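Please read the following report alongside the sequence and the coordinates. Which features of the fold, the buried interior and the surface can be stated from the atoms alone?

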Amino acid sequence: RNYQVEAAQNLVGDKGPGTGFGTIVLPCGSGKTIVGMEVMSLLKTNTLIVTTNISAVHQWIDELLDKTNLTKDQIAEYTGENKEIKPVTIATYQILTWRPDKEGPYPHFDLFRKNSWGLIIYDEVHMLPAPVFRVAAELQAVRRVGLTATLVREDGCEGHVFSLVGPKRYDV
């Protein structure tokens, strides 16, 4: 849809103020995943997608296989069940921020830190300011985008999304 392409272009900068960093806010069912795929298509780079749970990981994989030219050999799932890294890798916030003890290192996070990501997509980015997930924003990438239907948080930290990912680039 036109607004999905416009949102991606606003982030990347083809027709808007984008720099490749930012947040896109679209209502439920409006195709935020499609926007993420459009950003991926525009940038053509190694991509890490971070999402909320294993169901969402599988939904992203299904959508990527259905709506792009990517093959199963190019897409990896990094969860408690499967741990692979490929040019497009989908992981959960939980696996990135898991550590065996409260003061110890994040073993999975360090693995992702060593990879060169051209793009990180934070799905349901409104979750990122939570203390337990905030460390996921420390991953370095050339570009990053946060996708969400709402920036509302009970703790009032929705504004932190902009400092962690980038300013709002598109909002409907």
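The report goes from the overall fold to helix 1, then to selected residues, and ends with the pocket.

This is a predicted model, in which local features need pLDDT of at least 70 and side-chain atom pairs count only at pLDDT 80 or more, while totals for chains, interfaces and linings use all residues. Residues are numbered from 1 along each chain as its sequence is written, and side-chain values use heavy atoms, with hydrogens and water left out.

**Overall fold**

The protein has 6 helices and 7 strands, where helices (H or I, at least four residues) and strands (E, at least two) are DSSP runs numbered from the N terminus. Read from the N terminus, the order of these elements is α-β-α-β-α-β-β-α-α-β-β-α-β. The radius of gyration, taken over C-alpha atoms, is 15 Å, which agrees with the value near 16 Å for a compact globule of 172 residues; the globule rule is 2.2 Å times the number of residues to the power 0.38. Along the principal axes, the C-alpha atoms fill a box of roughly 45 × 40 × 25 Å.

Of the 172 residues, 49% are buried, where buried means under 20% relative accessible area, exposed over 50%, and partly exposed in between, with a 1.4 Å probe and protein chains only. The protein exposes about 8400 Å², of which carbon and sulfur atoms supply 50%; the areas come from the Shrake-Rupley method with a 1.4 Å probe. Among contacts (heavy atoms within 4.5 Å) between residues at least 6 apart in sequence, 66% join residues at least 24 apart.

**Helix 1 and its cover**

Helix 1 (residues 2-12) has Gln4, Ala7, Ala8, Gln9, Asn10, Leu11 and Val12 among its buried residues. Their cover includes strand 1 (21-25), helix 2, strand 6 (141-148) and strand 7 (168-171). After helix 1 comes Gly13, with a positive phi near 115°.

**Selected residues**

The table lists four residues with their places and accessibilities.

| Residue | Place | Relative accessibility |
|---|---|---|
| Thr23 | strand 1 | 0%, buried |
| Arg169 | strand 7 | 16%, buried |
| Glu124 | loop between strand 5 (117-123) and strand 6 | 26%, partly exposed |
| Lys44 | loop between helix 2 and strand 2 (47-51) | 68%, exposed |

Leaving aside residues up to four places away in sequence, Thr23 touches Val125, Gly146, Leu151, Val161, Phe162, Val165, Gly166, Pro167, Lys168, Arg169 and Tyr170. Two of these partners of Thr23, Arg169 and Val125, are 44 residues apart in sequence and 14 Å apart in space, C-alpha to C-alpha.

Most residues other than glycine have a negative phi. Lys44, however, has a positive phi near 45°, and Glu124 has a positive phi near 50°.

**The largest pocket**

The largest pocket has a volume of about 240 Å³. Of the 13 residues that line this pocket, Met40, Ser41, Lys44, Thr68 and Leu70 are the closest to its centre. A pocket here is an open set of points on a 1 Å grid over the protein atoms alone, where a 1.4 Å probe fits, with protein on both sides within 12 Å along at least five of seven lines, and lining residues have an atom within 4 Å of a point. Helix 2 (residues 32-43) gives the largest share of the lining, 3 residues. By type, the lining divides into 6 nonpolar, 6 polar and 1 charged residues, with Asp, Glu, Lys and Arg counted as charged and Gly among the polar ones.

Technical notes. Grid points are joined across faces, edges and corners, and a volume is the space filled by probe spheres set on the points.
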